[in-house]
Amino acid sequence: MGHKRYWTAVAAAGMIGAMALGSAFTSYAAGSWTKSNDNWTYVDNGQVYTGWLQTSEGWYYMDPSTGYMTKDFKQIDGKWYFFKPSGIMATGWVNPEEGKWYYLLNDGTMVTGWLKISNGTTSDFYFMRGNGTMATGWREMDGAWYYFQSNGKCVVNSWAQIKDNWYLFGTDGKMMTGWAKVDKDYFYLNTDGRMLIGWLSDSDGNKYYMDMSNGKMSTGWKQIDGSWYYFNSNGHMMTGWIQLDGKYYYLNPANEGRMIAGTTATINGTQYTFDASGICQNAGGVSAQTPGTVNNSSTGTSGGPGASGGSSGISSNGPGGTSGGTPGSSSGNNSTSNSPGGSSSGSLQAGRTDGPG
């Protein structure tokens, strides 16, 4: 199994000279700048210097052939650096072109791959493409989908509303699919990651109802389009006779599980009378399932038809949450190239950015 290589930026100012760059850089205490045809050179004791130059303002790179001060991007010994219009080597976030962000470590080297910026007790994750630009939007890597917000931050351990759909991302930043439990509630995420709502069924024929407003799996009593249904603790819609708190109800399998109420019905050759709340008035001798009362007010009323109560709304970390900011707003003092899930094997490759499916 391969091991991913990590690069760590040094936080303390003044340590650049002590790092790998130290052996390549040469520091000068005195000298003067000279400008000729918009090109700057650095002269000391009558000599034009070339290569790395450190002054009290910062680091510069003077072209080895001409001695001219470098500006913009420059590849040096196989690594990319960015020099400001003033010639000073940049560190941190830079935005030399509209809509394109880059990140330079404290030694000035441009980051590619995963970037982790720590801010005290929290960390933000970014992905810098092979050309150094910050990724945004959908990205597929190593068989998993990730989503990077407009500020470049990878959505980690959170819901995200993308266009008209909700998606859930794990602690490793990967888009989740299938059943997912969040706090005490279950959600179902399609193969393309979309949170599904409304009626669902599984390969065993079980039917589920995912709340239309927040996607939570229904348990207990649920009123849908004017009819009452009952879902057990596994979310399965029940049919036939059920007994709850000593009361009998009939969920008509011939009518897609709807509860019979306010009428008399013939079931297996016997007439039964049901009041407006669906309670059978003459259920003596009936064999009924006893699923127990499921108390889950977040997916509907739990006391049965006629009881008060309803949806408690959506939690702050579920569908409805938002986040924003810009790359420059992450001014943490420690940057690494770790992925959201920590260490991983293999190297990340550039992938699709057009979204799932």
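How many bridges join β1 to strand β2 (residues 39–44)? The count is five, and β1 and β2 run antiparallel. Strands here are DSSP runs of E at least two residues long, helices are runs of H or I of at least four residues, and both are numbered from the N terminus. Two strands pair if DSSP finds at least two bridges between them. The model is a predicted one, with pLDDT of at least 70 needed for local features and 80 or more for side-chain atom pairs, while totals for chains, interfaces and linings use all residues. Residues are numbered from 1 along each chain as its sequence is written, and side-chain values use heavy atoms, with hydrogens and water left out.

Back to β1 and β2: within this pair, Thr34 stands opposite Thr41 in β2. The two belong to an open, antiparallel sheet of three strands, in the order β1-β2-β3. β1 (32–36) and β3 (47–48) each have a single partner strand and stand at the edges, so one side of each has no neighbour in the sheet.

As for the chain as a whole, it has zero helices and 27 strands. It runs to 357 residues, and 45% of them count as buried, where buried means under 20% relative accessible area, exposed means over 50%, and partly exposed lies in between (1.4 Å probe, protein chains only). The accessible surface is about 18,400 Å², with 43% of it belonging to carbon and sulfur atoms; such areas come from the Shrake-Rupley method with a 1.4 Å probe, and for residues only the protein chains shown count as cover. Among the contacts (heavy atoms within 4.5 Å) with a separation of 6 or more, 46% are between residues 24 or more positions apart.

Confidence varies along the chain. The mean pLDDT, the predictor's confidence in each residue from 0 to 100, is 80, and 73% of the residues reach 70 or more. Over residues 295–304 the pLDDT stays under 50, and the model gives this stretch 33 contacts beyond four places in sequence. Residues 342–357 are also below 50, with 34 contacts in the model beyond near neighbours in sequence.

Then there are the repeats. An unreviewed UniProt entry carries the annotation "repeat: Cell wall-binding" for residues 70–89, 90–110, 135–154, 156–175 and 218–237. UniProt positions are given in the numbering used here, feature names are shortened, and annotations may be inferred rather than shown by experiment. Residues 70–89 come out at 0% helix and 50% strand, with the end C-alpha atoms 9 Å apart. For residues 135–154, the figures are 0% helix, 50% strand and 9 Å between the end C-alpha atoms.

Another hairpin is built from strand β8 (residues 92–97) and strand β9 (residues 100–104), which pair antiparallel over four bridges. Two residues separate β8 from β9, and Gly99 in the turn has a positive phi of about 85°. Glu97 sits opposite Lys100 in β9.

Further along, β22, β23 and β24 make an open sheet of three strands in the order β22-β23-β24, again with antiparallel pairing. β22 and β24 (258–259) are the edge strands, each with a single partner, so one side of each is left without a neighbour in the sheet. Even so, four of the five residues of strand β22 (residues 240–244) are buried, so β22 is largely enclosed by the rest of the structure. β22 and β23 are joined by five bridges, and Gly240 has Leu251 of β23 as its bridge partner. In the hairpin of β22 and β23, with two residues between the strands, Asp245 takes a positive phi near 55°. On the other side, β23 and β24 pair over two bridges, where Leu251 is partnered by Met259 in β24.

Tyr250 lies in strand β23 and is buried, at a relative accessible area of 11%. Leaving aside neighbours within four places in sequence, Tyr250 is in contact with Gly240, Trp241, Arg258, Met259, Ile260, Ile267 and Phe274. Gly240 is ten residues away in sequence, at a C-alpha to C-alpha distance of 5.4 Å.

Tyr250 is also part of the largest nonpolar core, which has eleven residues, including Trp241, Ile260, Ile267 and Phe274. A nonpolar core is a set of buried Ala, Val, Leu, Ile, Met, Phe, Trp, Tyr and Cys residues joined through side-chain atoms within 4.5 Å. Strands β23 (247–252), β25 (263–267) and β26 (270–274) each supply at least two residues of this core. A second, separate core has ten residues, among them Met238, Ile242, Leu244 and Tyr249.
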